[in-house]
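Here are my notes on this one, written as numbered points so you can follow along. Keep the structure open beside you and find each residue as it comes up.

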Amino acid sequence: MLTKINFQSTVLKVYSFFAVFILFVTPLFTNGQVISGLIRDEQNNPIPYATIFVKETKEGTTSNVDGKFQLQLPKGNYNLTIRSMGFLQENKIVSTQTDSLNLPITLKVQKFELKEVKVFPGKEDPAYFIMRKAMAKAPFYRNKIKHYSADLYIKSNFEFTNIPKLYQNKIELDDGKKLKDYFKENVTYVIESQNKITYDYPDTYDQKVISKKTSLVGIDEPPVMGLITTSIYEERPFQAISPLSSVALKHYNFQYEGYITVGDFDVFKIKVTPKRKSNELLDGYMYIVDRLWCVYNLDLNSSFEFFNFRIKQQYQNLDNDNWLPVSYNISGNISMLGLRGNFYYGSSVKYDSIVENYQSEIQQEIDANQVAKENVAVREKSDKEKELTNQANALSAKEKLSNADVKKVSRLNRKILKEQYRDSTIVASTFNSYNIEDKKDSLQNNIVWDTIRAIPLTPAEIQSYRLADSIVALETMDIDSLSADDKKKKQQSKFNKLLFGHYDLCKDSSIRLGYDGLISTGNFDFNAVDGYKYKQALRFRINPDSGKYVYINPELGYAFNRKALFGSLEGQFINVLADGNSFGFKAGKQSNDFKNPNIGISPALNAISTWFFAENYMKLYETGFVYFEITQRIKKGFTVLANANYDHFYPLENHASYLWSDNKVFSPNIPKGLTATSSALQEQKSFSYALGFEFKQRQRKPWLEESPFLFIDDFYTLRLNYKQGITGIFDSESDFNQLDLSWHQQANISQTAGIDWHLNAGYFFNNDQMHFSQYHHFKTAEIPVLLSSFTNTFQLLNDYEFSTNKSYITLGAEYRTEYILLRYFSFINRKTWSESLHFNYLSTPALENYWEAGYSLNSLFFAGNIGVFTGFKGGDFESVSVKVSISVFD
């Protein structure tokens, strides 16, 4: 079971990586003319991923892997620029007066000049002079654009060349479907989409999906933007340190390989080589425009854990020296524990309008008619911002920049951006800087894709769509009309769904019925109290209207050693009663851990430790219960909640024995610190209710480009909760009052470091009668292996001994950074890992001033963490332990 959870989480990340490449799109032409052709070199070989740019429409597209391209343009005359790195740029004037035009293109090899014209100061490689200039200019280009809107076409494809049988049968995705239900070996899967996007400074993207098409049968998720929301001018694009970063000179060597002349500008070719092997560094080529010091092209390679990829971007001057990318191409492969595959992503962009970001009092416009519709405010700079800007400009204008100058320019630009955020006319997004609209009723399903597809399909992609169509036809065809072989396949499919489960057994688009199957590993469990357990569960999801959901989940099972039925019925209604409202209920009878599942031991880990090693960490009780909860979002970030809970608690004892030895026995099912006669463990009835609120605020820091390897967000959460047990209602014996206050904050404090800290305090005004499950429990991890992160967790305490029904205060803090100790060693520095210092403090009447300190190395191969922790009571040493956790980006 441990293996299943690890593989499932990792493959979900793999799937998410593929999903990143489902991006955007070109406009929807209904009566344009098609320009198509094949781009070749002088030896008649096709040139893949060349860029074709149309000056009049500000539209860029790329050729496919076979060198074929396609454009849809209205009638008229157009100037086309065809480019590919390593080849001379070709300019064509075409006239679209007929329905179609075939335009063959031959590109000649580009020769870069090394001598004669260009002379640079100093004896070092001229590349450093060029790159320092580009680094100093990077913040300017990063912040140059205030707004743009664009139509984009996106096409991505991928194939798995090898999927181990273990993955196919055991891994489940979020919707409950097995990996084998989605993916077959050596089959290309295609995802295309047409979108309308808008960008607003500094980092807000809105995406409207116009239409989408995929050969992945059963997947209807919206295509999300990934590449378009990052830039090589950022400190950490593509999960790597940019060659234009303020710290790039510490990580890269640069070599000048010549220049070419394009129009009025010279373009320098720079070879980028990492100073060490590392997943966080890129290698390849960058092309920099003289005097402007902006990017002309880039062709970079990198690796990220199990992924190897190549990124190619081509930029175009869209007037007024606004150089923006007009084509994106990524190709690569994955190799992870036997799972191997290839992927590709390409996009075509057509810009509608571009507005510059306060470069002058009068906003510069590219598309005057479109931009005139925008309500653009002219903002007066503060005196401090003007002073910082003048300092940054003066440094950038120096003839020769030092490494210290580059770092200082970067710091000044961060201060400028921070100063701008003091002005209310620049608003930082408080929750989400990326919004996607993917409504079924707004999608255009009648689009003829062959007429608007900007990047032609390859033969493998065409075959992929044919295969998808045949699968859909087979699933929807009446069984009486099928051939004998097809009938057998369909009957076999039904048997497999019964045996292994299926994410959706219902053909109604508004209703989803999920079933885990008869032999799914999630149906089985083992613990010392219940012994062997088996259950069956269904998952209903009803979507009555856009944004409204109803979930109904019945479950029924049997504990064989305890000889007891267990089951529950759970329901949740989201946005049904009102917008921002959630109403839920759950009723049934089952055995539970005394601790909340969010802070207790994982049932899977407990099953392994109990069955193999006779270590039954989890202690359980039984309850017959009815539970109701309602939450209402009052305004953004602020939610109130109320719940009512009725329980009939029963004590339990062990019913299973250790299988592998008569010399080992399970420990009694009694939490440490209590006895079998403790009133908190006896049979009793309880009615309780709770009232509270939660306020969560995301803190946007656009001036601080955080590390992509720390997985720390910028937010804080405040919760206040009052809970009371009432005597006499439904024969309730409960009699207690509790007030609980908690604070949780994550914050990036520099480009390479962040903190995560949590404070929790509470007090029981009355504790005359309580069940032990109603005590306040703490997040502990007595077991040496965890399936969660180390963050804010006591590693050396018993899971139950210090739970309390009195007063308590706990503080947990983690300082996470790219460099503390081990990451300074080169063999570790190759990986995208991070390091952490941990501190946890707890004080209750029974345990005063207990604290733990620790160190951990995080994100080993996506999921692994290893740490060492030491415990103290006051100033006295208590214990030390080495811990391992398996936690994906937690």
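1. Start with lysine 535 and glutamate 555, which form a salt bridge whose closest N and O atoms are 3.5 Å apart. This pair ties together distant parts of the chain: lysine 535 is in strand β22, glutamate 555 is in strand β23 (residues 548-559), and 20 residues separate them. Bear in mind as you look that this is a predicted model.

2. Are these two partners buried or exposed? Neither label fits, because lysine 535 has a relative accessibility of 24% and so counts as partly exposed. Glutamate 555 gets the label partly exposed too, at 23%. The cut-offs explain this: buried needs under 20%, exposed needs over 50%, and partly exposed is what lies in between.

3. Now try the pair aspartate 530 and lysine 533. They also make a salt bridge, with 3.7 Å between the closest N and O atoms, and here both residues are buried. Which residues share a salt-bridge network with them? Shared partners join Asp530 and Lys533 with Arg562 and Glu622 into one network.

4. How many salt bridges turn up in a search of the whole structure? The count is 19. One more worth finding is the salt bridge between the side chains of arginine 539 and aspartate 516, at 2.5 Å from N to O. It links distant parts of the chain, with arginine 539 in strand β22 (residues 531-545) and aspartate 516 in the loop between β20 (511-515) and β21 (524-527), 23 residues apart. The two ends get separate labels: arginine 539 is partly exposed, at a relative accessible area of 27%, whereas aspartate 516 is buried, at 14%.

5. Next, go to glutamine 590 in strand β25 (residues 581-593). Its relative accessible area is 13%, so glutamine 590 counts as buried. What surrounds it, once you leave aside neighbours within four places in sequence? Glutamine 590 touches Phe566, Gly567, Ser568, Tyr621, Glu622, Thr623 and Phe625. You'll recognise Glu622 from the salt-bridge network in point 3. Closer in sequence, the side chain of glutamine 590 makes a polar contact of 3.1 Å with the side chain of asparagine 592.

6. Over to the surface. Tyr532, Phe560, Phe612, Phe613, Leu659 and Trp660 form a nonpolar patch there, and together they have about 680 Å² of accessible area. Take phenylalanine 612 as one member to inspect: you'll find it in helix α12 (residues 603-613). With 44% relative accessibility, phenylalanine 612 is classed as partly exposed.

7. Finally, have a look at some backbone angles. Most residues other than glycine have a negative phi. Arginine 291 has a positive one, near 70°, and lysine 563 has a positive one as well, near 55°. Where do they sit? Arginine 291 is in the loop between β14 (283-289) and β15 (295-304), while lysine 563 is in the loop between β23 and β24 (564-574). Both earn the label exposed, because the relative accessibility of arginine 291 is 54% and that of lysine 563 is 66%.

Definitions and conventions
Residues numbered from 1 in each chain as written. Predicted model: local features only at pLDDT ≥ 70, side-chain atom pairs only at ≥ 80, totals over all residues. Heavy atoms only, no water. Patch = residues over 30% accessible without salt bridge, like charges linked within 9 Å, V, L, I, M, F, W, Y side chains within 5 Å. Areas by Shrake-Rupley, 256 points an atom, 1.4 Å probe, with all protein chains shown as cover. Salt bridge = Lys/Arg side-chain N within 4 Å of Asp/Glu carboxyl O. Helix = DSSP H or I, 4+ residues; strand = E, 2+ residues; numbered from the N terminus. Buried < 20%, exposed > 50% of the residue type's maximum accessible area, 1.4 Å probe, protein only. Polar contact = N/O pair within 3.5 Å; in protein donor to acceptor, adjacent residues only side chain to side chain. Contact = heavy atoms within 4.5 Å.
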